[in-house]
Amino acid sequence: MSNSVAPKLLAEFIGTFALVFIGAGAASIVGGAAGGGITAVAFAHGLTLMIFICAYGSVSGGHMNPAVTVGVLAAGAITAAEAVGYIVSQIAGGVAAALLLRIVLGGVATGLGTPELAHSLVLGGTPVTITPAIGFVIEAVLAFFLVTVVLSTAVAGRAAHLAPVAIGLTLVFNILMGGALTGAAFNPARALGPMIVTGHLNDAWLYVLAPIVGAIVAAVVHLGLSVLSHERPAGAAAPAE
């Protein structure tokens, strides 16, 4: 991974821009309802992330998600200064992508892929409404899954060459499960970009805090498993001989 900060920040900006432009754009165009629409949205996000991790993983690590950056920071694999820069670049990329979507789609009538909690969603003949508390749990759990996979593959170096595929597919199955319930952002930059541009900041706190909580829990579990399995955590110095 590059030692210069500027290429890392640019890579995170471009990668997050692509994720939001393609992912939120797909949600705007085909919708996020259960069925074919949610499948298309899931693969739009997953394939975009997989491709840009392949493109920029060697430059910045390919986080493209503030929650992933917080998880990697908590695991000791990135400095606090780098993490702040990553997060600023990611949010800027998300907002820039949403601004371009507003131009491309002729305004904000489509919602620009803004995630939202389900209201009276009919599942098995029963209407389901997702409360903020339940939405928080869903977003936190989905972020936990994603950060666990990132830490266990890309950061720890296990199956490193397959990390982009594993991480991209994690996005796919997360969105297939949670897309109709919360929008399945589990990425503050993915959520805040469209929210800021549309001015719809309902439950913004949830879409920011829940993924971060899930990421921190994933990092704690990752470090705990490293200790139990006698592995050296990412970023830790090798023992002196």
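## Tyr56 and its ring partner

Let's start with Tyr56, which is partly exposed in this predicted model. Its relative accessible area comes to 22%. Phe52 is partly exposed too, with a relative accessible area of 22%. Both residues belong to helix H2, which covers residues 36–60. They sit 4 residues apart there, or about one turn of the helix.

The structure has 5 aromatic pairs. In the one made by Phe52 and Tyr56, the ring centres are 6.1 Å apart and the planes meet at 45 degrees, so this pair counts as tilted.

## More rings

Now for a pair that links distant parts of the chain: Phe136 comes from helix H5 (residues 132–155) and Trp205 from helix H8 (residues 204–228), with their positions 69 residues apart. How are the rings of Phe136 and Trp205 arranged? They are stacked, at 6.1 Å centre to centre and with 25 degrees between the planes. Trp205 is partly exposed, and its relative accessible area is 45%.

There's also a cluster: Phe13, Phe17 and Phe21 are linked by ring pairs.

## What's packed inside

In soluble globular proteins, nonpolar side chains tend to be buried together. Here the largest nonpolar core counts 45 residues. Leu49, Leu146, Ile167, Ile175, Phe186 and Tyr207 have the most contacts inside this core. Helices H1 (5–30), H2, H3, H5, H6 (163–182), H7 (188–198) and H8 each give two or more residues to it. Helix H5 gives the most, with 8 residues.

Tyr207 has plenty to look at: beyond residues up to four places away in sequence, it touches Pro115, Glu116, Leu117, Glu139, Thr182, Ala185, Asn187, Pro188, Ala191 and Met195. Apart from the largest core there is another one, of 8 residues, including Val20, Ala98, Leu112 and Val197.

## A spot on helix H8

Is Val220 buried or exposed? This residue of helix H8 is exposed, with a relative accessible area of 54%, because exposed means over 50%. The C-alpha atoms of Val220 and Ala75 are 7.2 Å apart, although 145 residues separate the two along the chain.

## How confident is the model?

The protein chain has an average pLDDT of 92, and 92% of its residues score at least 70. Among the elements, helix H3 (residues 66–74) has the highest mean pLDDT, 98, while strand E1 (residues 121–123) has the lowest, 87.

Where does pLDDT stay under 50? That happens over residues 237–241, for which the model has 3 contacts beyond four places in sequence.

How values were computed: Residues numbered from 1 in each chain as written. Predicted model: local features only at pLDDT ≥ 70, side-chain atom pairs only at ≥ 80, totals over all residues. Heavy atoms only, no water. pLDDT = per-residue confidence, 0-100. Contact = heavy atoms within 4.5 Å. Phe/Tyr/Trp six-rings, centres within 6.5 Å; stacked < 30°, edge-to-face > 60°. Buried < 20%, exposed > 50% of the residue type's maximum accessible area, 1.4 Å probe, protein only. Core = buried A, V, L, I, M, F, W, Y, C linked by side-chain atoms within 4.5 Å.
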